[in-house]
Amino acid sequence: MAAAAAAAAAALSWRRVPSSTGPVPRSRHGHRAVAIRELVIIFGGGNEGIADELHVYNTATNQWFLPAVRGDIPPGCAAHGFVCDGTRILVFGGMVEYGRYSNDLYELQASRWLWKKVKPQPPSIGSLPCPRLGHSFSLYGNKCYLFGGLANESEDSNNNIPRYLNDFYELELQHGSGVVGWSIPMTKGILPSPRESHTAIVYCRKGLGNPKMYIFGGMCGCRLNDLWELDIETMTWSRPETKGTVPLPRSLHTANVIGNKMYVFGGWVPQTVDDEISARDGEWKCTSSFSYLNLDTTEWIGLISDCQEDKKNLLPGPRAGHCAVAVGTRLYIWSGRDGYRKAWNNQVCCKDLWYLDTEKPPAPSQVQLIRATTNSFQVKWDEVPTVEGYLLQLNADSPAPTVTGGTVVPETALLNPQGIKLDLHSQTNHMVPNHVQVTSNSLLKLEAKENITEPENIVTQEATKKNHLDSRGFKDSNAPSLLPACTLGPQTSANVAELHDLDIRTVNPDASVSSTVSSTQTMVTQQAVKTESSSTNGAVVKDETSLATFSSKSEVAETTFIMPSTKVSTGHTNNSTVHLSKTTPLRQMATVKTRERQWYDVGIFKSNSALVSQYYLLPEEKLSISNKVENADVPDYSLLKKQDLFPGTVYRFRVAAINGCGVGPFSKVSEFKTCIPGFPGAPSTVRITKSVDCIHLSWEPPVSPSGNILEYSAYLAIRTTQVHENPNQLVFMKIYCGLKTSCIVTAAQLSNAHVDYTSRPAIVFRISAKNERGYGPATQVRWLQEMKTSSSK
């Protein structure tokens, strides 16, 4: 157990957030915080008066802002209940002005920053909860659970007669907005003793058991460190047996659930002498002790002890009455009071903001292609929340060049003497010209709420007599120009543009996705919003599907060599590439199985996109050393040779996210090919306009036509009874061929369309351009369809 505690403590890497922008709130204690995706929303608290502003911190942009709230704006309060249900927030009770306690209930619709005072129905038996502070207010499903707190027996707020509570209420919520009413559930077992300034969390083990609420610590004349469990399904209270060293008695601490652990930080604890707690009426102090309870095994693990000094300011200082909130797997801690200095009534509050990554980040989505040229790729991938950077790697079909005597020696591609490359992934094992290109040149979302999850890959083929392909790479058939898509297996990926079923949608493959936000007002949207812009207020909420679809499975089929990189800068910058230092390695190296499958670093990037024209090489002697020594010296990227990308070469990409715990698992592998000079680029800026009985499909000419465009071809994925070895293989029908940059898709044609459920239901189009050399890569567009409950895959 001691070894586990030591290992857990050693893995800690607290980071103090550097100076942020925007209106930073004044320090305080007794405030509360919740998270809506990457936003931390803070309300209330006290320091020279009770604060009544609502502050929002954007963890992605390191920006504070004050939203323009409206409606039934509540008065400032402290030690109140504060929970988040989707994009609405509920506030109950607390201390308000002039020391008065409250039992009012307010709802904030963060999608509009609209406050509303709500009046729940009283319980059928019993009375409404009395005014109180220091209670716990926890959410599970459509119900909030209120426990304990401190009430004033006197009706005079200036004459405080404290009464500790252990009453228990249930508040039923209406869907979306509003509440039904209070009830007093019938419980079994022994109720926890009265207390205030305790913590309560709800945890449900995945796939096993009932949801449980855990109450820890608090104050009732003296501080407590008892743990109570409520089975929410059976409404049974119990005292679970725990292992490990129980944290000291405390109040005004915080508890947050991340994964299967309840992290407990800070609070008021008793002074200790030789590990013995002082007398009941002895002195108390703020602490920076940090522990977690494994909720599956009920074992306590201490991470930071009370006696642990921090002379280098690498840990948050002692505090109580602070707020702590989990954003993904990252824990944020802000402000709180650090005790009393000089005089007994000279209270001091902390001004710092800290975060701790508790787990390595999940795998990002597959790398997606935005644009390909003869010697570069513009690529992107879905953002992973709360990360410091992304490690992008590639390998090529041919063995990578080596460095000999300071000279980069490119090795020839794996071609036969006629320059023809064997496509081993093709179902019929065709001989394919070497300039086969991965198509789909662009991935952009037309609507801020839409997100891409699993993009598909497509390949166009030049004509060969042997396979009876026409000039567009489509096999002859009695049916109108059907195209069995040549997929490159489950590791491949290409770019997909998604259009929703609205009047007008635009896809621009040569622009980055962005969603700007007003400089004066920002809203948390209930619909999904994803942005790559850095707006002044930065209040953007990501689609939940984008936080839930990260693959945790790395590409195990590859035996890899990984260059040991280092920790990245934690500063919130907009630089696309993160500069490395030569300190602690972020990852260890794996053994190389074959030279042909080595992975090479493209670099570490701050944002979720990259322009790839080169990658880093290691000298041959470094490769041999690195293969044998697990902790070889970290290479200095600035001293390494770079290799340019070659035209007409297939490159495989994978990406991993980095946080304070290190490099997470890699994404699935995507495969793209650089263009051959002379062929046209893909059409751009695709638009779909919906009419009553048809749709109008239009596009712009390729940015790089490489000559005169002779014609365009547009294709629609259709349903088919044809049996394929690959059930995910799409079959396309040609719906247009000509010089115009637009066409009509009739209702009859759409009635035969295949609805692709790869990510979200969508109809798939492909458009490509032809010049004197032939057809270039196609732009693929996914036109999103409304979900139908009766639809099936």
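Two strands pair if DSSP finds at least two bridges between them. Strands are DSSP runs of E, at least two residues long, numbered from the N terminus. The model is predicted: local features need pLDDT of at least 70, side-chain atom pairs count only at pLDDT 80 or more, and totals for chains, interfaces and linings use all residues. Residues are numbered from 1 along each chain as its sequence is written, and side-chain values use heavy atoms, with hydrogens and water left out.

**View 1. Strand 1 pairs with strand 31 in an open sheet of four strands.**
The pairing of strand 1 with strand 31 (residues 353–357) is antiparallel and runs over three bridges. Arg16 faces Trp354 of strand 31. The strand order in the sheet is 1-31-28-27, with antiparallel pairing. Strand 1 (14–16) and strand 27 (323–327) are the edges; each has a single partner strand, so one side of each lacks a neighbour in the sheet. From one strand to the next, the twist averages 25°. Axes here are lines fitted to C-alpha atoms, and angles run from 0 to 180 degrees between N-to-C directions.

**View 2. Gln598 sits in a loop between two strands.**
The loop links strand 45 (580–585) and strand 46 (600–605). Gln598 is buried, at a relative accessible area of 2%. Buried means under 20% relative accessible area, exposed over 50%, and partly exposed in between (1.4 Å probe, protein chains only). The side chains of Gln598 and Tyr600 form a polar contact of 2.4 Å. Such a contact is a pair of N or O atoms within 3.5 Å; within protein, one must be able to donate a hydrogen and the other to accept it, and residues adjacent in sequence count only if both atoms are side-chain atoms.

**View 3. His198 is a buried loop residue.**
His198 lies between strand 14 (179–183) and strand 15 (199–203). Its relative accessible area is 7%. A polar atom of the His198 side chain is 3.4 Å from the backbone oxygen of Phe147. Contacts of His198 (heavy atoms within 4.5 Å), not counting residues up to four places away in sequence, include His135, Phe147, Phe216 and His253.

**View 4. Cys222 and Cys349 are in no disulfide.**
The structure holds zero disulfides (pairs of cysteine sulfur atoms within 2.5 Å). For Cys222, the nearest cysteine sulfur is that of Cys220, 7.0 Å away. Cys222 is buried at 17% relative accessibility. For Cys349, the nearest cysteine sulfur belongs to Cys350, 7.2 Å away. Cys349 is buried at 11% relative accessibility.
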